[in-house]
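Trainee: Before I use any structural term, I should like to see how each one is justified. May we go through them in turn?

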Amino acid sequence: MSRIGPDLPPRRRDEFSDWHDLVPEACPDCGCLVFAAKDDPDIVWEPERAWDEGCRNRECHCHTAAVIGRGRSERA
Ligand SMILES: [Zn+2]
Ligand SMILES: [Zn+2]
């Protein structure tokens, strides 16, 4: 996806400090950029307060209850 800027690292650490290659996705509820781990699509990094210009819902769960380097099924 061309929306990934050069400042974004292609890899991130999860909550256990393990590194993962990232796959960009669009949040199904607001359209913002979310990253999933290539080797475990359940682990995601949501944008929290980094809203995309085209965000459809600034109160979306990916902003208000962001999952950062955890399984998306673990959302509080
Ligand atoms: Zn969202
Ligand atoms: Zn959004």
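Mentor: The discussion below takes the terms one by one.

Mentor: This is a predicted model, in which local features need pLDDT of at least 70, side-chain atom pairs count only at pLDDT 80 or more, and totals for chains, interfaces and linings use all residues. Residues are numbered from 1 along each chain as its sequence is written, while chains are lettered from A and ligands numbered from 1 in the order in which they are written.

Trainee: What makes up the secondary structure of the chain?

Mentor: Helices (H or I, at least four residues) and strands (E, at least two) are DSSP runs, numbered from the N terminus. By that rule the chain has one helix and five strands, and the elements run β-β-β-β-α-β from the N terminus.

Trainee: How do you know that β3 and β4 pair?

Mentor: Two strands pair if DSSP finds at least two bridges between them. Strand β3 (residues 33–37) and strand β4 (residues 40–45) have three bridges, in the antiparallel sense, so the criterion of at least two is met. Ala-36 stands opposite Val-44, and Ala-37 has Asp-40 as its bridge partner. The two strands form a hairpin with two residues between them.

Trainee: What joins β2 to β3?

Mentor: Five bridges join strand β2 (residues 19–26) to β3, and the strands run antiparallel. Leu-22 of β2 stands opposite Ala-37 in β3. Their hairpin has six residues between the strands, and Gly-31 takes a positive phi near 90° in it.

Trainee: Which strands stand at the edges of the sheet, and why?

Mentor: The open sheet has the order β1-β2-β3-β4-β5, with antiparallel pairing. β1 (11–13) and β5 (68–71) each have a single partner strand, so one side of each is left without a neighbour in the sheet. For β5, the pairing with β4 is antiparallel over three bridges, and Val-44 stands opposite Arg-70 there.

Trainee: Why is β3 called mostly covered?

Mentor: A residue is buried if 20 or more other C-beta atoms lie within 10 Å of its own, exposed if 12 or fewer, and partly exposed in between, with C-beta atoms placed from the backbone. Four of the five residues of β3 are buried, so the strand is mostly covered. Of the 76 residues of the chain, 21% count as buried.

Trainee: What makes a set of residues a nonpolar core?

Mentor: The set consists of buried Ala, Val, Leu, Ile, Met, Phe, Trp, Tyr and Cys residues joined through C-beta atoms within 7 Å. The largest such core has 14 residues, and those with the most contacts inside it include Cys-27, Cys-30, Val-34, Phe-35 and Val-44. β3 and β4 each supply at least two residues of this core, and β3 gives the most, with four. In soluble globular proteins, nonpolar side chains tend to be buried together.

Trainee: Which residues does Cys-30 touch?

Mentor: Two residues are in contact if their C-beta atoms, placed from the backbone, lie within 7 Å. Not counting residues up to four places away in sequence, Cys-30 touches Cys-55, Arg-56, Asn-57, Cys-60 and Cys-62.
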